[in-house]
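Got the viewer open? Let's take a walk through this one, stop by stop, with something to select at each.

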Amino acid sequence: MHFAYAPRGIASALMVGPFLFGAVCDGNPQARDPGGPPVSGSGTADAVGRSLQQSMIWLAAPVPGTQVYAAFRKRFECATLPEGAVLHIFADSRYILWINGEYVLRGPGRFDPGRPEYDTVDVRSRLRRGPNVLAILVHHYAGGRSGRIMEHVPGVTVRLDLAAKSGQIRTVTSDAGWRASVKTRFLPSPSSWGCIPDVIDARRDSGDWTTAAFDDTSWAHAVPIDGGRWGRLCPRSIPLLHETEITPVAVLERRTWSAAAQPHWIWHREREFPQQKGPRWSAPGGVRFFRRTFALPPDATDVLVRATADNEFDAYFNGEKIGDNHGNMESWRRLRKMDASRWAHSGRNVVAFRAVNREYAGASDPAGLVVLVTWSMGKGKQKGVLVSDGSWKSSAALVPGWTGIDFDDSSWEAALDLGRYGCAPWRDGVRPAPTAYRAVEEDGPKPLSEALPVDLEGPCELVVDVGRMVLGYSVLDFDADAGDRLELQYAQRYVRGEPAYTRNLTNRYTARSGRQTYASGDSFGFKYLVIRVVSGKLRLRTVKVVQRVYPFDLIGSFTSNDPVLNAIWRACVHTIALCSEDAYIDCILRERAEWMADGYVVAWRVSSTAFAGPGLHRSDAGLLRNLIRHIARSLQPDGRLKAHHPSDRWDIHGYIEDYSCLWVQAVREYYDHTGDIELVRECLPAMTAQLRWFMDRRTENGLIRAREFVYFGNPLLYKTCEGATLNAFLYHALRDAAYLAGVLDRKEEQARYNEDARALMLDFDRLLWDEDAGAYRGALLDGGKSPPTVHAAVCALFHGIVPGGRRGPLTRWVLKNYRREGLFPYTHYFLLDVFYRADTPESDNEALNLIRTRWGPMLERETGTVSEGFGGGEWCHEAGAAPAYFLSIRVLGVRVDLPVWKRRLIIEPHLGDLQEAAGVVVTEFGPVPVSWKRPGPTGALEFTLEVPGGVQGTVFVPRGATEPTLTVDGKVWIAAGRPKTRSASLSGRYAVLRLGPGKHSGILHP
């Protein structure tokens, strides 16, 4: 089964509009075949990379630091079709490439400017005899706040190698002969942390400049620039993303907007304050009061109040407080939804707000309030709406009883109307935006084939159900008049008749005249597409969605007699498929950042056991390699590594101490899975600097003092202390650093890391063990010792810092106490690992029941994915997918006995209360199918499995009696507890078998 997503490219007709940027490349995601011993390769300088570096071009008159979309063209002749044609390309920040009007490629993958990678693609089929043209659109995202793109200088470079039958190579490179223009339909995009919205005016098109027939003589010549402003250009190391066209299943509704339903920013009219005017609408700091009376019909239900204020508010309905929004200077960005149904009644009602404008650094600041009150009428088919506007009353004085219905506000003056939502200075800063509410719902659900084509006259809105969660972009084909305006939003949920969770990411498109195609410029994570006609009238012909993700092949599987566990495995795997593009990304809408912990701890492990790389039929470590390399590139002068990279984000999560420890562990695990010693050597300076940073913070107690384990639920979250969890993470990192130093034959460093780890383990146990509790204290904090925590116990067990005699008692303490702390899905990875390492029937059952009870409710959601938190949060987040890994490697029981060049498998099922479990686990040696079945009440266990060629398998068959009988491949290997072959033995809970390559079957009788 191919999980992803069809041919590598789509019809060029779909791509004449805005484009999707991301990672596209050719390359082998493994360093080498995993079967041999570690190798050391010297490598050679890349001649193509050098050529590209020397051929960088840009605009003749750039404005430094300015965001721009720039078009570049080069015409060339082909007297005859070449025998081969290979094109290499790189651009900063993003690009799309056409040849002869046909879409070819977009990229590059996310990169640190110190180590960019170029794309390579075979373009022979795109060429023709006679004139040809290369056309490139480059977006330099200067000033854009993004978790995927770093601020740098603009540039583009191209090399096209054309091979004749004679073997002669003709090369076309980027130089001053290229033409360039900034007169495109693309306007600067808003700053966005995750997905990058479009602002497009198709009326700016002067023809199809991607074709050879276009006359570019009025365009200026490009100018060569210094390619040395980038680090050495390297070949791409991950494959092209797969693009699959998906036809949405239905139009859920078509509703017109109420023109009166546009919320406005309002404030009190300040006397003698001339700054209170556009575009900033500054006002003095202080408290202001607002109210509005209105009538509700007898059948009104679901009365909801949505509001925000710059900077804070308290909200009241008929005299009762219904909510507030207090926080920092940025709290106005959060639109608060409050349910007033309990206090609402037919007839006269009042909604009132106490709003606060905070001064910043002693200076006046913008001040505003936005309110939207809605209610349902007539079985939910219509919406009533009240918005903030100039009809509201305002006061600067606090008057008793001002929130009540009977209060006389006739002496209050009219509020100052600052402009409709979207005006300066706030623009689209509020997330989610207070969308215009509809007065009439015209159409209900209808299959897409029946709903289209459809005529849409603005203001109106169409909600399209894609049928499943996707990471991709939308493609619309429609007729319009010049100046018609369109907006698109991407929603993950549909709640109470409303699309929900859009992160207020809005694409804006102004149409040219005639039939046209609009493909959204970036990909978004969504299930529902909201098509909003702001003004004008258009005829919508088709709606398509193109999914765009890493080209994994879904080879793994899991089935059991428990349908809940089966569905959880599928939801986890689907989530990881969507969260894998040019990197393991945390989520598919809010951030799409390459975080160290989420990507390594969860996404890598799930993908390596469920998916095969393109054409590999085995595990693919390409995204893990890129993650490790990107974090290494983030090394700061003080020796610290960032928590995610490449990006320019700097906040409380710019550094996360435990994530940098995980990075060291990831380098070791990657090496054991691939034997790629060159990456280890490349990462050594960063590893040395980061570990030195830690050891410089060792106190007289022998522990490291820094921020505690930075993940939600930890009682010591963000505390700077001598914390148990962080020191456990560091212990693991030191042990792995010693191992890697030995691999590189750096004996002195190996000895030092081992000694540091040994000393840390002794001090950890001496200072943090609580004998009375039988567990580790959370930290040395503020001159004392904090109480024991589940986080401390779990991390200590997982990272191996617990002395042997304490492991059993501490594990039992965890099993008894783990429910008392708010462990997040991510933290459950460590907890489940502890359960399965305990290797008892009780812990096996506890693990399965934990997965059922915590992840089961996620199955009730419409997205078919797993989330960042058990209560919600991001509904498609890689950190929530850990159960799939454990169902594969622990329940089915298949894992590689590392390092991989030993070519050994361990197959050790932990079935718990399951009667049947079967599936396929992907490994570096290929897929390993297994099946376990208890056919009846006798306690017999039947199994089938296959060991890949050239591999030895050690199989642990669970036994329920002290004297079992085991038959393998038709022969008795153990009779009444006595082994009959050297390839069988009894050990603890298991009958242990040593099996060679091939298919095997057996049955164990108690």
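One term before we set off: a residue counts as buried when its relative accessible area is under 20%, as exposed when it is over 50%, and as partly exposed in between. Also keep in mind that this is a predicted model.

**Stop 1: a pair of salt bridges around β51 and β52**

Select R895 and E908. Their side chains meet in a salt bridge, 3.5 Å from N to O. R895 sits in strand β51 (residues 894–896), while E908 is in the loop between β52 (904–907) and β53 (916–923), so the pair ties together parts that are 13 residues apart in sequence. Is E908 buried or exposed? With a relative accessible area of 8%, E908 is buried, because the cut-off for that label is under 20%. Its partner R895 comes out as partly exposed, at 23% relative accessibility.

Now add R904 and D897 to the selection. These two form another salt bridge, and their closest N and O atoms are 3.1 Å apart. Here R904 is partly exposed, with a relative accessible area of 34%, and D897 counts as buried at 19%.

**Stop 2: a long-range link**

Select E245 and K544. They form a salt bridge too, with the closest N and O atoms 3.7 Å apart. E245 belongs to strand β15 (residues 242–246) and K544 to strand β41 (residues 537–549), so this contact ties together parts that are 299 residues apart in sequence. Both ends are partly exposed: E245 has a relative accessible area of 37%, and K544 has 25% relative accessibility.

How many salt bridges does the structure hold? The count is 60. Some of them join up: select R110, R148, D522, E581, D582 and R592 to see a network of salt bridges. Side chains of opposite charge can pair when their charged atoms come close.

**Stop 3: a cavity**

Keep R110 in view and add F111, E117, N626 and H630. Among the 15 residues that line the second largest cavity, these five lie nearest its centre. The volume of this second largest cavity is about 130 Å³, and the structure has three cavities of 30 Å³ or more. Which helix gives the most to the lining of the second largest cavity? Select helix α5 (residues 622–633), which contributes four residues.

**Stop 4: a kinked helix**

Next, pick residues 596–610. That's helix α4, with 15 residues, reaching 20 Å from its first C-alpha to its last, close to the 21 Å expected. Look along the helix for a kink of about 40°, centred on A603. Then colour by accessibility: 15 of the 15 residues of α4 are buried, so the helix is largely enclosed by the rest of the structure.

**Stop 5: strand β4 and its partners**

Select residues 94–99, strand β4. Six of its six residues are buried, so β4 is largely enclosed by the rest of the structure. In a regular strand the side chains alternate between the two faces of the sheet. Check both faces of β4: R94, I96 and W98 are on one side, Y95, L97 and I99 on the other, and all are buried.

Now bring in the partners. β4 pairs with strand β7 (residues 130–140) in the antiparallel sense, over six bridges, and L97 has I136 as its bridge partner there. β4 also runs antiparallel to strand β5 (residues 102–107), joined by five bridges, with L97 standing opposite L105. Between β4 and β5 is a hairpin with two residues between the strands, where N100 takes a positive phi near 55°.

**Stop 6: a loop on the outside**

Click on K165, in the loop between β8 (155–163) and β9 (169–173). K165 counts as exposed, at 75% relative accessibility. Then add P82: the two residues are 83 apart in sequence and 7.2 Å apart in space, C-alpha to C-alpha.

**Last stop: an eight-stranded sheet**

Finish with an open sheet of eight strands, which pair antiparallel in the order β43-β53-β54-β55-β62-β57-β58-β59. Which strands are at the edges? Those are β43 (557–560) and β59 (978–979), each pairing on one side only. Inside the sheet, zoom in on β54 (residues 926–933) and β55 (residues 941–947): four bridges join this antiparallel pair. Select K933 as your final residue, and you'll find E942 of β55 standing opposite.

Key:
Residues numbered from 1 in each chain as written. Predicted model: local features only at pLDDT ≥ 70, side-chain atom pairs only at ≥ 80, totals over all residues. Heavy atoms only, no water. Pairing = 2+ DSSP bridges. Expected span 1.5 Å × (residues − 1). Bend = angle between axes of the 7 residues up to and from the residue. Buried < 20%, exposed > 50% of the residue type's maximum accessible area, 1.4 Å probe, protein only. Salt bridge = Lys/Arg side-chain N within 4 Å of Asp/Glu carboxyl O. 1 Å grid on protein atoms, 1.4 Å probe; cavity = no way out; pocket = protein on both sides within 12 Å on 5 of 7 lines; lining within 4 Å. Points joined across faces, edges and corners; volume = space filled by probe spheres on them.
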